[in-house]
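Here are a few short exercises to work through with the viewer open. Try each one yourself before reading its solution.

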Amino acid sequence: MLWLGIVLTSAFGILLIGAIFQAGWIQRHIKHPRTVVGLIVLGSIVAIPASLAIALADPEHVLPWAQYVIGGVAIVFVGLISMVFMLRHPNLAPSKVRRVLAIGAHPDDLELACGGSLARFADEGHEVMAIVMSQGDNGGDGDIRRREALAGAESLEIAGISVQDFTDTAMSTEIDRMVKVIELAVDLFRPDVILTHSAHDQHQDHHAVHLATMRAGRRSSTILCFESPSATKEFAPSYFVDISSYVDAKVAAVKRHKNQSGKPYMGAEVLRGAAVFRGSQARTEHAEGFEVMRALSSGVGDL
Ligand SMILES: [Zn+2]
């Protein structure tokens, strides 16, 4: 019985460690993530001592059916975790990798406006970079908000983020300097697609970043404008990204901005409601909507 007990204990141990390390991925891709992780953890807590008991028991005192039950459960659980690992490292690559540059005014803007899309693009193998134009000193503690912006980007699993130090709430006086920073990023990164704030937004900083991006991206073929909570009723998206599998990823990334957690638009219910609304416009479950400044088909590709 020793070998069976050792095999089962190892299998459940690997399963438990795998589930803990892959919890973020499971949350993003499995429909009922807490139930799945809970079942694995609970199953392991029961099965590991049981398997050890089998390993250490006197062979004559082990009930024959117990081996089969525990063996069967082990096979099911190991099969499940193997499937998760296989899905985690799919052999799928996008037909052409797109470079996406997302530009927001404040640390939480990108997560709120297009977090689901960025998570999806990154997940599908596209290169996603972000620029946040200010630390958001006026709306909270700048140092904390900078760290939260980095945490948000990490949560979305995008390739990189740069947090600039333009003046929160006074960016409209700094447009020329912002144009230079964005131009440099465009020259270095050569994005296929630029995402930024809409002109239909009542926040003066968002408006300023929109203007600066339009000027800096004057030679860029594809510029799409995302929807912030401060978008006006004129915001009219005509390009939609299906984020049905990425709403949880978006909510999780927004939650990283604890400094702003009291704001009504940061709540999971609000985020899900907005995604359902834009999803219904795009005839899908959940979506994020974008206004198209211009879009070249080969630039957008299969985004
Ligand atoms: Zn903002």
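**Exercise 1.** How many bridges join β6 to strand β7, and do the two run parallel or antiparallel?

*Solution.* Bear in mind that this is a predicted model.
- Start with the pair itself: β6 and β7 (residues 287-294) run antiparallel and are joined by four bridges.
- For one residue pair, look at Phe240, whose bridge partner in β7 is Gly289.
- Now step back to the whole sheet, which is open, has seven strands with mixed pairing, and follows the order β3-β2-β1-β4-β5-β7-β6.
- β3 (160-163) and β6 (239-242) are at the edges; each has a single partner strand, so one side of each lacks a neighbour in the sheet.
- From one strand to the next, the twist averages 25°.

**Exercise 2.** Find which strands α5 lies across, and then see what this helix gives to the largest nonpolar core.

*Solution.*
- α5 lies across β1 (99-104), β2 (127-132), β4 (193-197), β5 (223-226), β6 and β7, and its angle to β7 is about 95°.
- The largest nonpolar core has 37 residues, and the members touching the most others are Leu110, Leu118, Phe121, Ile158, Leu195 and Phe290.
- Helix α5 (residues 109-123) gives the most to this core, namely eight residues.
- Take Leu195 as a case: beyond its neighbours within four places in sequence, its contacts include Leu118, Phe121 and Phe290.

**Exercise 3.** Is Thr213 buried or exposed? Work out its surroundings too.

*Solution.*
- Place the residue first: Thr213 belongs to helix α8 (residues 204-216).
- Its relative accessibility is 0%, and buried means under 20%, so Thr213 counts as buried.
- The Thr213 side chain reaches the backbone oxygen of Val209 at 2.7 Å.
- Apart from residues up to four places away in sequence, Thr213 touches Ile103, Ile182, Ile194 and Thr196.

**Exercise 4.** Look at two of the salt bridges and ask which parts of the chain they link.

*Solution.*
- The structure holds ten salt bridges.
- In one of them, the side chains of Arg256 and Glu154 meet at 3.8 Å, N to O.
- That pair links distant parts of the chain, 102 residues apart: Arg256 is in the loop between α9 (247-255) and α10 (268-281), and Glu154 is in helix α6 (residues 142-156).
- Arg256 is partly exposed at 32% relative accessible area, while Glu154 is exposed at 57%.
- In another, Asp248 pairs with Arg272, with the closest N and O atoms 3.1 Å apart.
- Here helix α9 holds Asp248 and helix α10 holds Arg272, 24 residues apart.

How values were computed
Residues are numbered from 1 along each chain as its sequence is written. This is a predicted model: local features need pLDDT of at least 70, side-chain atom pairs count only at pLDDT 80 or more; totals for chains, interfaces and linings use all residues. Side-chain values use heavy atoms; hydrogens and water are left out. A nonpolar core is a set of buried Ala, Val, Leu, Ile, Met, Phe, Trp, Tyr and Cys residues joined through side-chain atoms within 4.5 Å. Buried means under 20% relative accessible area, exposed over 50%, partly exposed in between (1.4 Å probe, protein chains only). Contact means heavy atoms within 4.5 Å. A polar contact is a pair of N or O atoms within 3.5 Å; within protein, one must be able to donate a hydrogen and the other to accept it, and residues adjacent in sequence count only if both atoms are side-chain atoms. Two strands pair if DSSP finds at least two bridges between them. Axes are lines fitted to C-alpha atoms, for helices over the stretch in contact, and angles run from 0 to 180 degrees between N-to-C directions. A salt bridge is a side-chain nitrogen of Lys or Arg within 4 Å of a carboxyl oxygen of Asp or Glu.
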